[in-house]
Amino acid sequence: MKIRAVTLNDVRQFTRPVRVDGIGDGVNVLSAPNESGKSTLFEAIQYALFVKHTTRPTNKSFTLTPDVGGNPEVTLEIEQDGARLEIRKRWGRQAHAEVWRNGALVAKADEAEARIAALTTPPEKGGPTGLLWVRQGLTEFAEKDAQEKSSRANLLSSVTDEIETMTGGKRMDRALARAREDRDRLVTTRGAKAGGPLDTAEKEVAALSSEAEALSARAARLREALEARRAKRRSLQALTEPDEVALRKQRLEQAQAAFEAADRHAAQLQMAEQRLQNAALTCRTLEDQRAGREKTEAQVAQLARALDEAGARADAAQAKAAAAEATLTEAGKAEQAARADLQRAEAQVQAAQDALIRQENDRRRAALEADLAQAEALAKRLPDLRKAAETGPDAAQLDAIDKAARELAVAQDLAEAAAPRIAFDAAPGAPDLHLDGTPLGPEPRSVARDTALDLPGLGRLRILPASGDPGARVARARAALAAALQRAGAEAAEGARAAARARIEAGQSLRAASDDLRRLAPEGIDALKAEIARLAPADDAPADAPSLPEAQAARDTARRAEAASQIATEGARTARDHAREAAIGARHDRDSLARRLEEARAHLATLPEGTGMDDALEAARAALSEARTARDALRDAAPDLDASRAALARAQSVMRGTEEEANALQRELAALDATVGTLSGEGIEETLADTQARLGRAERMRDALRHEVDVLNALLGALEEAQSSARDRYFEPVLAELRPMLRLLWPGAELRFDGDSLLPVELIRDGRAEAIGTLSGGTREQIALLVRLAFARLLARQGQHAPVILDDALVFTDDERMEAMFDALHAQAGDLQILVLSCRNRALRQLGGTKLGFEEIVPVA
């Protein structure tokens, strides 16, 4: 099947009939901007082939109805088996379906739908249309699209003989399905199937295992309780024997007496240590007081000498500061004089510059006065030129006059050519004939209107020109010419043209004068006069001024002198600041030393005299020696307090621990008696033996079912491996068609297909396999398009020619790859029909092929 033309009416935006014609073999290109109707054309072809005419446009899935309403009509002209078929469909009011063959109606309504359905297998039944017709933005294959998968499977099955062998065909599918069914009865991908035999067996094993574990634990608890009760009774008996109790009490009393004696001796020793520390503190205090007096006396002498030296330094610094202040005053006066000289020099420079500006202003004023004279002359001419430029017919009026004159000439020529001509050759003695009162002779005369011919004795002969009345046209043309001349204010066409030429020349002169005026006075004559007035010399301008170079040289000399005076002043100020800072520092040092000397003398007066301090120090040292002797005697005779305390603590701990242990053993024995009494009455051992027997039987059933699952998995693996081997041959036809196109883009590249989805999964290039999902959008787009072309070639080789329709298919492809894709399209177009719909007009200029377009059908009157 090959499409030759498509006509649309009341289809979405096409509310008037349009047609795409001339669709040929090979590559056909319809390039138009967005929203021009390419996708509408794509869907209209599908509706014509696969949507019955009885489908109501109110159905939500019906999308051809225009927004303004209407009854969609599609006419699809195709070529099938050498015959020209025309499919006509209309939906909505007066819905119909017709099939015409070579110009003759061959089927209508349901019979037409049946014939249309026979042309191609619908997509939902695995037909190739969904495989080869690519919607806008959907170039890549949809992995979960069952219709496309069915199309690919049917096509490959029909061209591959080995699909019916055990390893590649329906028998293999049945064997795989049976093995999967048996396995799925037992397990799923997440484990045992819920409610299945294996799941039931595993749950039974788990339940019995849990029950056996619980019974085993209870039996173990009974045995442990009996053994623990015997051990605890023995321990309690050992703790409560009378001899052991008496021995522990005696040891505690002895430890208590030893600790109390050691504690009393420790208190005496602590008091002796305190007396020794007090005596030592007294000695240190007296020694520190004597050393402090000696240090203070030396400090007083040293500060007195330093105060005399600081006073001399302060006086010298004050004299130096006074001299620096005088130097700074002199430098400031010199700087002020230099600044005054500089101001006078700068005034002279400004006067010289003002003189130069006045000279330039005089020159500029003279030039502007000349421009003002020209501008005023032009301004006086402008009204006359403007009036002349507005007088006479304009271009539109002149054009109307020319058209009216041409129409009058044509009407007159037509009237002259169409008017009948009449002549009268009178017989001898015949009366005269008069045409509209004028004698009629042998010379032919034109009759352009209803005319009466007087026939003496007979009556009047009326001559009626042919219908159409050329004279009326002449009259209308003459009236139109007169009206056009009146509007233009002219009496004749020649005068109107002369007036128009004069108007044009006046307009040109007006524009030239206006341009000259704008050039001479860009902001107007008043602004020009204001500028001349501004440039006039001031009344108080000085008569003469120094030359600018001399004034600038004098100013530079004054600037250097002023800069030198500033530097001298700054140096004097810095010296004055340093001298003032040094004088202040010297005074501060002198005053600080005076205060420190006064404080040292006051402190010296508070210290005790030397003789009394020596006697007190000797007495303190004797008391210190006596206290040290008493302390040493007590320390040598002291018992070990820590050892006696540890012994007492151990004896107390033994008594306390023994009591607590006995009480705990009694509580534990009571609990064990209760546990043994409870468990021994339940018959745990017998119940445990029965449960373990049932658990063994359940585990053997579970293991048998798991073994069955392992066998089924091994069988499925072997079957799938055999099927995969056969599918290498299964995909060979499409790979053979695909390789030449692939290598136009990637030399040496191969595609690897998945046996389940029948889609490409890896691109192998440069010896490296790349998953399709990791490739760029443009590369995936190109691969998907090439695979579709390969499937189209397979169909063509079977004699099932199906057009390939691509609606904006190459949206991500770069310029270089686009060229290679164009080569691939042309390489495959030999026995295919490819229809490319795109908005990328510039990109598709290099594609070539047959150019298509929408043509509006004009109704025949």
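Which residues form one aromatic cluster with Phe62?

1. Tyr47 and Trp91 do: together with Phe62 they make up one aromatic cluster. Note that the model is predicted.

2. The search covered the whole structure and found four aromatic pairs. One of them joins Phe14 and Phe854. Their ring centres are 5.0 Å apart and the planes meet at 40 degrees, so this pair is tilted. The angle falls between the cut-offs of 30 and 60 degrees.

3. The Phe14–Phe854 pair links distant parts of the chain, 840 residues apart. Phe14 is in the loop between strand S1 (2–9) and strand S2 (18–20). Phe854 is in the loop between strand S22 (850–852) and strand S23 (855–856).

4. Are these two rings buried or exposed? Phe14 has 8% relative accessibility, so it counts as buried. Phe854 has 24%, so it counts as partly exposed. The cut-off for buried is under 20%.

5. Tyr47 and Trp91 also pair, here edge-to-face. The centres are 6.1 Å apart, with 85 degrees between the planes. Tyr47 belongs to helix H1 (residues 38–50), whereas Trp91 is in the loop between strand S5 (83–90) and strand S6 (96–101). The pair therefore ties together parts that are 44 residues apart in sequence. Both Tyr47 and Trp91 are buried.

6. One contact of another kind: a charge over a ring. The charged end of Arg88 sits over the ring of Trp100. The distance to the ring centre is 4.3 Å.

Technical notes
Residues are numbered from 1 along each chain as its sequence is written. This is a predicted model: local features need pLDDT of at least 70, side-chain atom pairs count only at pLDDT 80 or more; totals for chains, interfaces and linings use all residues. Side-chain values use heavy atoms; hydrogens and water are left out. Rings of Phe, Tyr and Trp (its six-membered ring) pair if their centres lie within 6.5 Å; planes under 30 degrees apart count as stacked, over 60 as edge-to-face and the rest as tilted. Helices (H or I, at least four residues) and strands (E, at least two) are DSSP runs, numbered from the N terminus. Buried means under 20% relative accessible area, exposed over 50%, partly exposed in between (1.4 Å probe, protein chains only). A charge sits over a ring if NZ of Lys or CZ of Arg is within 6 Å of the ring centre and within 35 degrees of the ring normal.
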